[in-house]
Amino acid sequence: MKRIYRIAYMAAAGGAAWAAALQLSLPTPARVAVLLAPLLLLVAFGMYMLLLLAYGALTFRSCPEEAQKLHSDICRARKDLVKQGYAFDKELQAGLSSDG
């Protein structure tokens, strides 16, 4: 909960600084930059999140031994369900018989 307070305080401080900058008598190019600052920050944040997502996808670890364990657990659970009388769809039943 402390992180949300810190983010709220930072947003309030940034909003206050932006509002104060709007009150200044600035030349037109600087005033346009101040007016567009929230939009530019939002775009920069979006690009940062996109890069973070791409980095996470590129460095995602593959765990073949864990995938094999999961596959064996699923096969065991499916066989137990069949023993208890659960009827799978024909496509799933064909997959169960070919799994081993």
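L22 counts as buried in this predicted model, because its relative accessibility is 19% and the cut-off for burial is under 20%. L22 belongs to helix α1, and its C-alpha atom is separated by 9.7 Å from that of V32, a residue 10 positions away along the chain. Across the chain as a whole, buried residues account for 6% of the 100 residues.

**Overall architecture**

- The chain contains 4 helices and 0 strands, and the order of its elements, read from the N terminus, is α-α-α-α.
- The area that the chain exposes comes to about 8,800 Å², of which 69% is supplied by carbon and sulfur atoms.

**Annotated transmembrane regions**

- According to UniProt, in an unreviewed entry, the feature "transmembrane region" is placed at residues 7-26 and at residues 32-55.
- Over residues 7-26 the model is 85% helix and 0% strand, and the C-alpha atoms at the two ends of this stretch lie 29 Å apart.
- Over residues 32-55 the model is 100% helix, again with 0% strand, and here the end C-alpha atoms are 34 Å apart.

**Largest pocket**

- The largest pocket has a volume of about 160 Å³, and the residues that line it are G14, G15, W18, A37, P38 and L41.
- Two elements, α1 (2-23) and α2 (28-58), are the ones that give two or more residues to the lining of the largest pocket.
- In chemical character, the lining of the largest pocket divides into 4 nonpolar residues and 2 polar residues, with no charged residue present.

**Salt bridges in helix α3**

- Side chains of opposite charge can pair when their charged atoms come close.
- A search of the whole structure returns 2 salt bridges, one of which joins K69 to E66, while the other is formed by the side chains of D73 and R76.
- In the bridge between K69 and E66, the closest N and O atoms are 3.7 Å apart, a value that falls inside the criterion of within 4 Å.
- K69 and E66 both lie in helix α3 (residues 64-83), where they are 3 residues apart, or about one turn of the helix.
- K69 counts as partly exposed because its relative accessibility is 48%, and E66 is also partly exposed, with a relative accessible area of 43%.
- In the bridge between D73 and R76, the distance from N to O is 2.7 Å.
- D73 and R76 are 3 residues apart in helix α3, so about one helical turn separates them.
- D73 has a relative accessible area of 37% and is therefore partly exposed, and R76, at 48% relative accessibility, likewise counts as partly exposed.

Note on methods:
Residues numbered from 1 in each chain as written. Predicted model: local features only at pLDDT ≥ 70, side-chain atom pairs only at ≥ 80, totals over all residues. Heavy atoms only, no water. UniProt positions renumbered as here; feature names shortened; annotations may be inferred. Buried < 20%, exposed > 50% of the residue type's maximum accessible area, 1.4 Å probe, protein only. 1 Å grid on protein atoms, 1.4 Å probe; cavity = no way out; pocket = protein on both sides within 12 Å on 5 of 7 lines; lining within 4 Å. Points joined across faces, edges and corners; volume = space filled by probe spheres on them. Nonpolar A, V, L, I, M, F, W, Y, C, P; charged D, E, K, R; others polar. Areas by Shrake-Rupley, 256 points an atom, 1.4 Å probe, with all protein chains shown as cover.
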